[in-house]
Amino acid sequence: MRSSDLFMQRMATKMNEKFGKYWSQFSTFMAVAVVLDPRFKIQFVEWSFKKVYGEGLEFEIEFSKVKDAIKTLYEAYVASYSSSHNSGSAVQGEGGRAVDASSGNWDELMDFDSFTNEQSNVAVKSEIQMYYEEPLIPRANKLDILNHWRACAVRYPILSTLAKDVLAVPVSTVALESIFSTGSRVLDCIRSSLSTTTLESIICLKDWTFGVVTLEPQIEALCGSVTNLRVNVEGDESPLPMSPAIEAHRPSSSNNI
């Protein structure tokens with residue numbers, strides 16, 4: 001933004017404004033997804049928020065929002081899990097043990113649960129508490145996080161269901177859409193199939209066509225030459241005409257524009 005180049009100033013200013021807008025509307029849901037990554041958990045959110053907000057009141061407020069969101073979401077899944085299992089033949093017993101309600105041993109198993117609870121002096125912890133207390137998985141490990149939670153379904157039946165739903169939500173494509181959109185025109189869904197060369201060409205063409213900065217005469221002549229190129233039709237093996245302006249600016253690598 002402090003660059004002597006006017007074009008860079010304008011571009012950086014717009015980028016900073018957009019960043020500020022999106023950061024002010026930061027989604028707590030994305031922080032929940034980070035917490036459900038066993039390589040980061042709640043510690044990463046706390047560490048990163050301190051870097052952004054400092055260690056004052058603002059940090060406490062924002063960090064509390066994340067913790068409250070996780071707690072509320074977890075409690076909702078606990079209620080849903082309990083209702084669904086109580087209505088079926090398998091009911092979740094104390095300490096996470098599944099008991100078959102249709103079995104003749106139901107009363108005996110309930111007595112066993114009561115017996116074990118009386119013998120233990122340790123308070124029963126929730127899944128989220130046990131998850132927090134486990135050490136972080138080293139970041140060096142290549143972790144398929146959805147497979148990880150699938151494997152943890154026995155130990156964390158409720159939390160694994162929550163993680164499956166949260167981590168399956170796709171990220172926003174709003175920034176990518178803005179590359180292709182001009183007014184109400186948006187490319188259709190096959191834009192995801194574009195090659196890197198085509199993508200670069202579209203971005204450059206949009207910048208050249210709709211840019212507000214006056215181009216230098218040499219670049220303007222080059223853009224005019226590009227727009228005059230004819231497109232090869234299928235089966236046409238003849239080479240494209242190459243203007244002197246393009247020939248002079250053509251890079252050595254065919255993979256770049």
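Reader: Which residues in the largest nonpolar core touch the most other members?

Author: The model is a predicted one. Its largest nonpolar core has 26 residues. Those that touch the most other members are Leu36, Val45, Phe49, Val66, Ile70, Trp149 and Leu159.

Reader: Which helix supplies the largest share of this core?

Author: Helices H2 (28-35), H3 (41-53), H4 (57-86), H6 (127-133), H7 (145-151) and H8 each supply at least two residues of the core. The largest share is six residues, and the helix it comes from is H4.

Reader: Why do nonpolar side chains turn up together in a core?

Author: A general tendency applies here. In soluble globular proteins, nonpolar side chains tend to be buried together.

Reader: Which residues does Ile70 touch, leaving out those up to four places away in sequence?

Author: Ile70 is one of the core residues that touch the most other members. With residues up to four places away in sequence left out, Ile70 touches Val32, Val35, Ile42, Ile128 and Tyr132.

Reader: Is Ser160 buried or exposed?

Author: Ser160 lies in helix H8, which spans residues 157-167. The cut-off for buried is under 20% relative accessible area. Ser160 has 8% relative accessibility, so Ser160 counts as buried.

Reader: What lies 3.1 Å from a polar atom of the Ser160 side chain?

Author: A polar contact requires a pair of N or O atoms within 3.5 Å. The partner at 3.1 Å from the Ser160 side chain is a backbone atom, the oxygen of Pro157.

Reader: Which residues does Ser160 touch, not counting those up to four places away in sequence?

Author: Pro157 is left out of this count, as residues up to four places away in sequence are excluded. Among the partners that remain is Trp149, itself one of the core residues touching the most other members. The full set is Trp149, Cys152 and Ala153.

Reader: Is Cys223 buried or exposed?

Author: Cys223 is part of helix H11, residues 217-227. Its C-alpha atom is separated by 9.0 Å from that of Thr209, 14 residues apart along the chain. At 11% relative accessibility, Cys223 counts as buried.

Reader: How many helices and strands are there in the chain?

Author: From the N terminus on, the elements run α-α-α-α-β-β-α-α-α-α-α-α-α-α. The count is twelve helices and two strands.

Reader: What percentage of the accessible surface belongs to carbon and sulfur atoms?

Author: Of the 257 residues of the chain, 18% count as buried. The accessible surface of the chain comes to about 18,500 Å². The share belonging to carbon and sulfur atoms is 58%.

Note on methods. Residues numbered from 1 in each chain as written. Predicted model: local features only at pLDDT ≥ 70, side-chain atom pairs only at ≥ 80, totals over all residues. Heavy atoms only, no water. Helix = DSSP H or I, 4+ residues; strand = E, 2+ residues; numbered from the N terminus. Buried < 20%, exposed > 50% of the residue type's maximum accessible area, 1.4 Å probe, protein only. Polar contact = N/O pair within 3.5 Å; in protein donor to acceptor, adjacent residues only side chain to side chain. Contact = heavy atoms within 4.5 Å. Core = buried A, V, L, I, M, F, W, Y, C linked by side-chain atoms within 4.5 Å. Areas by Shrake-Rupley, 256 points an atom, 1.4 Å probe, with all protein chains shown as cover.
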